[in-house]
Amino acid sequence: SLAKFILKSKKATSLFSLIGKNSMDIMALHFLVIKVIDIIYCSIYGITDLKTMTKFPYSFNIWYYYIPLAVLVPVIIVNISKVFKRKGMINYEKRFD
């Protein structure tokens, strides 16, 4: 089963752990990623019909792009921002006034 595979594979365990730790960021950014995929798809295939491009939540049946990218792109963005913050390239503080 999938659970046994994940437990036996260190890479799979690390990947699913990383996804779990970033689940809030994934939920926050996945619609944006899907719409960017739609825009790229439209530009590649010359689709200019605004009604097609603005369908919600997605415009095309290309789930094989939507699912992995809507999960991985937010994780990559968050981890890159953490690297920049660690190196002092991004300086922001959470403030609760």
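**Entry 1. Surface.** I began with the accessible surface of the protein chain, which comes to about 8,000 Å². Carbon and sulfur atoms supply 67% of that exposed area. I note here that the model is a predicted one.

**Entry 2. Burial.** I next looked up how much of the protein chain is covered. Of its 97 residues, 20% count as buried.

**Entry 3. Secondary structure.** I counted 5 helices and 0 strands in the protein chain. Read from the N terminus, the order of elements is α-α-α-α-α. I then compared the radius of gyration with the globule rule: the value is 17 Å, well over the 13 Å that the rule gives for 97 residues, so the protein chain is more spread out than a compact globule. Along the principal axes, I find that the C-alpha atoms fill a box of roughly 45 × 45 × 25 Å.

**Entry 4. Contacts along the sequence.** I took the contacts in the protein chain with a separation of 6 or more and asked what share comes from residues 24 or more positions apart. That share is 50%.

**Entry 5. Charges.** I recorded 14 positive and 5 negative charges in the protein chain. The mean positions of the two sets lie 15 Å apart. I then searched for salt bridges, and the count comes to 1.

**Entry 6. The Lys35 and Asp38 pair.** Which side chains meet in a salt bridge? I find Lys35 and Asp38, with an N to O distance of 3.0 Å. Both residues belong to helix α3, which covers residues 23-45. They are 3 residues apart, about one turn of the helix. I also checked the accessibility of each partner. Lys35 has 23% relative accessibility and therefore counts as partly exposed. Asp38 has a relative accessible area of 1%, so I list Asp38 as buried, the cut-off being under 20%.

**Entry 7. Pro74.** I turned to Pro74, which is found in helix α5, residues 63-86. Is Pro74 buried or exposed? Its relative accessibility is 0%, so Pro74 counts as buried. I then listed what Pro74 touches, leaving out residues up to four places away in sequence: Asp25, Ile26, Leu29, Val33 and Leu69. As a further distance, I looked up Pro74 against Thr13. These two are 61 residues apart in sequence, and their C-alpha atoms are 19 Å apart in space.

How values were computed: Residues are numbered from 1 along each chain as its sequence is written. This is a predicted model: local features need pLDDT of at least 70, side-chain atom pairs count only at pLDDT 80 or more; totals for chains, interfaces and linings use all residues. Side-chain values use heavy atoms; hydrogens and water are left out. Helices (H or I, at least four residues) and strands (E, at least two) are DSSP runs, numbered from the N terminus. The radius of gyration is taken over C-alpha atoms; the globule rule is 2.2 Å times the number of residues to the power 0.38. Buried means under 20% relative accessible area, exposed over 50%, partly exposed in between (1.4 Å probe, protein chains only). Contact means heavy atoms within 4.5 Å. Accessible areas come from the Shrake-Rupley method with a 1.4 Å probe; for residues, only the protein chains shown count as cover. Lys and Arg count as positive and Asp and Glu as negative; His and the chain ends are not counted. The place of a charge is taken as NZ of Lys, CZ of Arg, CG of Asp or CD of Glu. A salt bridge is a side-chain nitrogen of Lys or Arg within 4 Å of a carboxyl oxygen of Asp or Glu.
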